[in-house]
Amino acid sequence: VFARVQPAQKLRIVEALQARGDVVAMTGDGVNDAPALARADVGVAMGITGTEVAKSAAKIVITDDNFATIVGAVEQGRVVYANLKKVILFLFVTSIDEVVVLLAALLLGYRLPLSAVQILWVNIVTESTLTVNLVMEPPEGDEMLRPPVPSDDRLLSSGMLRRVALLVPAAVAATFGWFVWRQAQGVAFDVVRTETFTVLAMCQWFNVLNCQSAAHSALRLSILRNPWLLGGLALSVVLQVAVLYWAPLNELFHTVPIAPADLAPLVAVASLVLWTEELRKLIARRGRTQGPTGAYAA
């Protein structure tokens, strides 16, 4: 505990903590706090009682002078950072699996399972209806129970890369596996390509549910808690239905109508992405009950 501290001494305290490797937050409201506020990793000034000098030197201004607001800000910051990682995970998996499916078809001598316009549809329409809405994910409820995010933490952490390495093969197995199997059955190529296109879109729908949390089950998390994501999923489904059953779009996107009864197997195959991640989350949760893990770091 330090009392009657001079401005230079406050600065020395901040620098000493930083030299030890700590991330330092400094609160203050007076002119004499300005040097330490500017030097701290996060300078926090009081909005009501604080001087203009202190506010200018700080990175954050508490408008109600309530220290509990800092806790709320930390929680919201963790939510925003976690949501950013969720979006990156979703985009990485959905982009890589398209590339792998196309490469696999080329290397194995198959016709391309997706047309160029179908790839554009998936990248522009299917992804865009889900990506922005995933950013709007509300708090999971345990943000303040997690350890602080290290200052040198990478967006592409090892935990996230492990999830990518798990989810991409699952999506590829569902999409390309269905394509090869239906080809072997002698089904018309237009039908096979349409079904493969639909399985790929469905994989993205299941994958966005995976990305809602790195540890909690998608079956436990109610999608209704994020109406933005629910609306995005509904819009994506409606648009995909239009591509399948509206004649003008059939011609434009090289698709043919699929019998409604034939959609159930496509859903079952695409859900492999969901069940693969659910198994990983189950193992991670059991491991966390036995000792510390990096489940949340993903």
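**Exercise 1. Compare the radius of gyration of the protein chain with that of a compact globule of 298 residues.**

*Solution.* Start with the rule: a compact globule of 298 residues would have a radius of gyration near 19 Å, but the protein chain has 25 Å. Here the radius is taken over C-alpha atoms, and the globule rule is 2.2 Å times the number of residues to the power 0.38. Next, look at the box: along the principal axes, the C-alpha atoms fill roughly 85 × 45 × 35 Å.

Before going on, a word on the model. It is predicted, so local features need pLDDT of at least 70 and side-chain atom pairs count only at pLDDT 80 or more, while totals for chains, interfaces and linings use all residues. Residues are numbered from 1 along each chain as its sequence is written, and side-chain values use heavy atoms, with hydrogens and water left out.

**Exercise 2. Find which side of helix 1 is buried.**

*Solution.* Step one is to locate the element. The protein chain has 12 helices and three strands; these are DSSP runs numbered from the N terminus (helices: H or I, at least four residues; strands: E, at least two). Helix 1 covers residues 7–19, and its 13 residues should span 18 Å at 1.5 Å a residue, which agrees with end C-alpha atoms 18 Å apart. The expected span is 1.5 Å times one less than the number of residues.

Step two is to list the buried residues: Lys10, Val14 and Gln18. Buried means under 20% relative accessible area, exposed over 50%, and partly exposed in between (1.4 Å probe, protein chains only). Those buried residues cover an arc of only 75 degrees around the axis, so they sit on the same side of helix 1. The arc is that of the directions from the helix axis to the C-beta atoms. As background, an α-helix has 3.6 residues a turn, so residues three or four places apart point the same way.

Step three is to check the surroundings. Ala8, Arg12 and Ala19 are exposed on the other side of helix 1. The cover over its buried residues includes strand 1 (25–28) and helix 2 (34–39). Just after helix 1, Gly21 takes a positive phi of about 100 degrees.

**Exercise 3. Two residues lie in the loop between helix 8 and helix 9: Leu219 and Asn226. Decide whether each is buried or exposed.**

*Solution.* Take Leu219 to begin with: its relative accessibility is 58%, so it counts as exposed. Leu219 still touches Leu274, Trp275 and Glu278, not counting residues up to four places away in sequence. Contact means heavy atoms within 4.5 Å.

Now take Asn226: its relative accessibility is 0%, so it counts as buried. Leaving aside neighbours within four places in sequence, Asn226 is in contact with Asn133, Met136, Glu137 and Pro138.

**Exercise 4. Which helix gives the largest share of the largest nonpolar core?**

*Solution.* A nonpolar core is a set of buried Ala, Val, Leu, Ile, Met, Phe, Trp, Tyr and Cys residues joined through side-chain atoms within 4.5 Å. The largest one holds 39 residues, of which Leu130, Leu134, Phe176, Val199 and Val208 touch the most other members. The elements giving two or more residues to this core include helix 4 (68–107), helix 7 (158–184) and helix 8 (189–210). Helix 7 provides the largest share, 10 residues. A second, separate core of 10 residues includes Val122, Val125, Val243 and Leu249.
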